[in-house]
Amino acid sequence: MKSRTQRFLFLYLLFLLSLANSNSFSQSIFLQHFSTKNGLPSNNCYYSLQDSKGYIWVATDAGVSRFDGHIFENFSIDDGLPDNQILQLKEDRSGKIWFLALNGQISYFFNGKIYNQGNSELLRLLKFNSIVVSFFQDSKGRIWFGTNKNLLVMWDGKTIIKYISANDDRQFINSFIHEDAQGKIWAYSNTSVRVLEGKKFRIVPRRSLPISYKTAINLPDKSLAFIDKAGLNIRYGNTETFERKVEAQVLMGDLGYFYLDEEDGIWISNNSGVHYIEKNGLTYNYVPNIAASQVIKDAKNNMWFTTANGIYMLPRPDERMYVIDHNEGLSRDAVKSIARDRDKFWLGMDEGTINVLSLPEPKINKIVLPNKQKFNVIKQINYDTLNNAIYFSSDYGLGRINNADNLKSSIDYLKESNNSMFVIKSFSIAKEKSLSLALSSGVVVLPDRDAKLEFNSFTFKKGNDFFPGRAYCVFYDSKQNLWLSSINGLSELADGSIYNYAQTSSLLTRRINDIQQLEDGTIILATDGYGIVCMKNDRITRVITQKDGLADNICKKLFVKNGKIWVVTNAGINKVSISPKGLSIEAFEYTNLLLKDDVNGLYIEDHYAYFATNSGVVYFQIAPVKTYIEAPKAYITAITNNQTKLDIDNPNYVLNPSNNSITFYYSAVEFQNRSITYRYRLKEDGNWTETKTRRLEFSSLEPGKYIFELSAKSNDSGWSEPAIVIFELEKHFWQSFWFIAILFLIGGLILFKAAVTVTRRQKNKEQEQLLLKNKILMLEQRALQAMMNPHFVFNVMNSIQHYINTKDTGSANKVLTGFARLIRKNLEICTKSYISVEEEIEYLELYLSLEKKRFGGKLNYQISVDPGIDREETLIPSMILQPYIENAIWHGIMPKDDGGTINVIITLSAKDRLLIQVKDDGVGIDNSLREKKGEHISKGMSLTKERINLLNQVESNPIKIDIKQDGNSGTFVSIEVPFS
C-alpha cells in the first residue's frame, strides 16, 4: 500500500516541478470540487466534519451544510442557527452535532432539529459572551469549551464550572483540551500547559507549545499530536517526542487544522493550499494558491480539503484518477482517439494534430499534419504491429506514419485514384497485408496496404473488394475473417464468401458501433441501444443489457484485455467478465464525473486503464475485483405529517386520523459518485418498490399500523439493512370499538323493535286475513242458501207434482233429475272458493234449464264463451253469477207478459282478466225499483257484493262489478274478474 501511494504521490510531485524541456509536463490527480454550483451556501468554508452516520458537515460563512455525496442540505438562521457564520463543528457521543458560531452562541443539531438558546434550557446556561474555539468530550462525558478569552468552561450535564487564570502571562485564551491515557485533563494554549488536579488547573512547564488550538489533535491512542514552530510533536503520557521537522515555508502561512494519517504522513492546511509531508520529508502540494483551513479523512479513506473556494475530495488511493490535459502540455483538452505502440501513447486530437505521450515520466510530442482541414478531427488511431506503423483517420481521410519509433518519419495518405471524395466511418488493420475501410458508401478492402495506400472506386468488384451499403464499422478477427456492420446488418467475409447474419436475428440488423473478439473466438458486438451481443459458431450466445448491470444499452467502444470486455457506454464504463460460473459486471461509478458521457476511445493495460476524453487523457489503476462492496446505508432525514415536521428519533408515531398524509425524506451516504437506488414498503409482508427519488409521500392512508422500511444499494452492491419507521394512524371515532359496539347495540335494538312491530303487524294481518276468509266462507254458505231460494224449490216441487197429477211422468222425471243434479252441483260448489269457467257454465245450464221448464216459452237464455278462454284452467270465484241471473229472471223478465231473454257472455278484457256480461231484456232495474213499494234489496246480490268486497281486500287484483239499466228497459251486469 505504501509503495503504491508513494508512486501516486511521486507522479503528483512532478506537477510542482517544471522541467527544462518545454515538452515535458506532469499529470494531475483528479480532485472532486464542490462549491456553490453544487449546492454549498458559500465557497468560504471554515471547517468540515464527518459524523457517525457518514455525512460530511461543512461550516461556512453563510450557514452549515450536510452532504451525503449527492445533495447539500443547508441550514441557516432561518432553521435555528444563532449565526450564519459557523467556525467549527463537533459531534458528541450521543450524536449531537455542535455548532460553534462567530457570535459566541452555541447550538446543536439532533434528530433533525436545531436547538439554540431560544428553545433549549441547557444552551441558555451555556452563555459565555466569548467565541468558543475548541470543544472536547472526555471519557466521563463532560464537555469542555475553550474560548478566545481567559475562560475555560466545563459542563457535566448538570452544572457548569468556569476556569479563569489570574496570571496575565498564562491565561486560558484559545485553550485546547486533551485527556491522556490515565484520564488526566490537560489544557494547552499558546502560552501555557495546565493539568487538572482536583478542582484546579496547575501550570506544567513545557519546552514546546502548539502554534494555536488548530495545530493540536487528540489521537485515538490517547496521545496528543501538535505542531510547534519546529515541526510535529507527539506527547503520550508524560513522554513528549519531536517526530519530524516541518519546513518553515509551510509553517509561515496562516495554519489551519492538520491531519496525521496512519502512515505518519502529515496533512497541513494553510493559506497556500494543502501540504502532504511524508515521513522522509518529501512534500506535495494540493489545491495550490487556495487558502485551506482544514484536512480530514473520511471513513472510506477519502481526503477532504476545506478551503476558501469550497471543499475538495481527494479519492482514496485505489479510486484515484489522473488527468493529462492542456495544462500539462497537450495541444488541447479534447482527445478524440487513443492507441499505444510498444512504449508510448498516440493521441488523436483536432485541427490536424497528433500528440505522442510517453510515460511514466510524462513527455509530450506533437505532430502537426499539413492538411488541417481534411484531418480536422483524428477520430481513430491504430497501431500496425506488423510494420510498426501508426494509422489514423478523420471523416475525410486516412494517413499512415510509417515508423512509430521515429516521430519525424514519412507520412502516407490514402488516395482515391480519381480524386473522388470519400467519408470514412472506421478502419481495421489485418495481421497480414489487408486494410478494410468502412465508408459511407460501403466497405472497401485494400488487399495490400504496404504496396500502395490507394483504391479506385471505378474498378470495385462487388462481393470481392467492395460491399455496398452505408457502413458503420469493420473488424478482422483472429482467423482474419472480416466482420462488417452496415445498413444491411451484420455480415462476415470468410474464404471469399460473404454471409449476412441479419436473417438470423433482428438484433443483427441494428446499428453496431464496435466489434471485438475474445480469445475463445466469441465475437463481441457493441450495439446502439441494445447492449452487448455475444456470438459464437454463427449464433447469438448472450445479450448483456442494463438489466444485467450494464451502465447503459448504448455501447460506443469496446476493448478486450485478459479475457475481460471493457465497454464505453453512454452512462459510464463497465468491465464485463464472462465465465462458466456466470456473468460479472464491474462498475467504475467513481469515474462518472470524467468518464460518463464524453469518452472517445480507450486503451487498457495490465494495471492501468486509459481513456481519451474531452477533458484530456484520464487514467486510473485497475484494482483487483472486489468480492464485496458495502451497500450505502439509508437514513431517514426528515418526516412531515400534513406539513408538520416530526421528531425522527421517535420509534413509534401515533397520528391523528385526519392527518392521513405522511412524507419521508431520506438519503444514503455515498461519496464515490455511485448511482443510488432505493426500495421501500409500508407493510412488513408487502412487496418492495424501487425508486430513484429521495422523497416519498403517502396520502389518504387508511387507519391502521404501518412499518415503513427503506433500503439502498449501488449498482455493484447488495441492499443495505433497512431504516425502519413505525407509525400508526388512529381510527376515526366512528371506527373505534366502543362506537361500533354502541352502533351495533342501537342497531340491534332498532332491529328488534322493527322485528317485533313487523311480527305484530304480520300477526294482525294474518288474523285479519283469517277473519276475512271466515267471513267469506260464511258469505259463501249464505250465498249457497240464497241460491236455494225457497220459492224456487217450492215451484220446482209444484211443477213435479203437476206433472205427476197429469200423468206426465216423463216430464216429472226430467224435472226431478235436473233438480237433483242442481242440488248435487250446489253441494260441490259450496266446498270451493274458486271454480273453473266450465263448472260455472254447467251449473248455470242446470239452473236455467229448470227455470225454463217452469216458465216454458216465456224464458229464453243463451250462454257464449270466447274460444280463446281455457274453460278448464280459467278459475273464477264460485257462486258469483247465479244471484244476478236469478234477479234478472224474477225481477226483469217475469213481470213482462211476453217474457224475455237472458244472455251470458264471457270474454277476455285483457291478458289476465275475464269480462262476464249478463244482459236481459226485462223491465229494467231502474223501472223495477220505481214500481216496487219501499226499497227492495236482493239478498243474493247483496251477499255476493259483500263477498266480492272481502275478496278484493284479500287479493291483489280487485273484482269490478257494474250494474245498470240498458236504455228504457233491460239490465246490463258487467263483472271483470282477474285470472286465478
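How far is the sulfur of Cys555 from the closest cysteine sulfur, and in which residue does that sulfur lie? The exercises below work through this and related points. This is a predicted model, where local features need pLDDT of at least 70, side-chain atom pairs count only at pLDDT 80 or more, and totals for chains, interfaces and linings use all residues. Residues are numbered from 1 along each chain as its sequence is written, and side-chain values use heavy atoms, with hydrogens and water left out.

**Exercise 1. Settle the bonding state of Cys555.**

Step 1. Recall the chemistry. A disulfide is a covalent bond between the sulfur atoms of two cysteines.
Step 2. Set the cut-off. A disulfide here is a pair of cysteine sulfur atoms within 2.5 Å.
Step 3. Find the closest partner. That is the sulfur of Cys534, 10 Å from the sulfur of Cys555, too far for a bond.
Step 4. Widen the search. Zero disulfides turn up in the whole structure.
Step 5. Add the surroundings. Buried means under 20% relative accessible area, exposed over 50%, and partly exposed in between (1.4 Å probe, protein chains only). Cys555 counts as buried, because its relative accessibility is 0%. Cys45 is also buried, at 2% relative accessibility.

**Exercise 2. Place Thr569 and list its neighbours.**

Step 1. Locate it. Thr569 belongs to strand β54 (residues 564-569). Helices (H or I, at least four residues) and strands (E, at least two) are DSSP runs, numbered from the N terminus.
Step 2. Check exposure. Thr569 is buried, at 1% relative accessibility.
Step 3. List contacts (heavy atoms within 4.5 Å). Leaving out residues up to four places away in sequence, Thr569 touches Leu550, Ala551, Asp552, Ile554, Cys555, Lys556, Asn574 and Lys596. Cys555 from Exercise 1 is thus one of the neighbours of Thr569.
Step 4. Take a long-range distance. Thr569 and Asn813 lie 244 residues apart in sequence, and their C-alpha atoms are 124 Å apart.

**Exercise 3. Describe how α7 and α8 pack.**

Step 1. Pick the descriptors. Two packed helices are described by the angle between their axes and the distance between the axes.
Step 2. Fix the convention. Axes are lines fitted to C-alpha atoms, for helices over the stretch in contact, and angles run from 0 to 180 degrees between N-to-C directions.
Step 3. Read the values. The axes of α7 (residues 809-829) and α8 (residues 837-855) come within 10 Å and cross at roughly 145°.
Step 4. Assign the hand. The crossing of α7 and α8 is left-handed: the near helix is turned anticlockwise from the far one by less than a right angle, where clockwise would make it right-handed.
Step 5. Name the residues. α7 contributes Lys814, Val815, Gly818, Phe819, Arg821, Leu822, Lys825, Asn826 and Ile829, while α8 contributes Glu839, Glu842, Tyr843, Leu846, Tyr847, Leu850 and Lys853.
Step 6. Sort them by class. The contact holds eight nonpolar, two polar and six charged residues. Ala, Val, Leu, Ile, Met, Phe, Trp, Tyr, Cys and Pro count as nonpolar, Asp, Glu, Lys and Arg as charged, and the others, Gly among them, as polar.

**Exercise 4. Test the lengths of α8 and α9.**

Step 1. State the rule. The expected span is 1.5 Å times one less than the number of residues.
Step 2. Apply it to α8. Its 19 residues should span 27 Å, and the end C-alpha atoms are 26 Å apart, which agrees.
Step 3. Look past the end. Gly856 follows α8 and has a positive phi, near 70°.
Step 4. Apply the rule to α9 (residues 882-893). Its 12 residues should span 16 Å, and the end C-alpha atoms are 15 Å apart, which agrees.
Step 5. Check burial. In α9, 10 of the 12 residues are buried, so this helix is largely enclosed by the rest of the structure. Among them are Tyr884, Ile885 and Ile889.

**Exercise 5. Locate the backbone exceptions at Pro360, Asp495 and Asn673.**

Step 1. Know the norm. Most residues other than glycine have a negative phi, and most peptide bonds are trans.
Step 2. Take the peptide bond. Leu359 and Pro360 are joined by a cis bond, with omega about 15°. Pro360 sits in the loop between β33 (353-358) and β34 (363-368).
Step 3. Take Asp495. Its phi is positive, about 55°. Asp495 is in the loop between β47 (489-494) and β48 (497-500), and is exposed at 79% relative accessible area.
Step 4. Take Asn673. Its phi is positive too, near 65°. Asn673 is in the loop between β63 (662-668) and β64 (676-681), and is buried at 16% relative accessibility.
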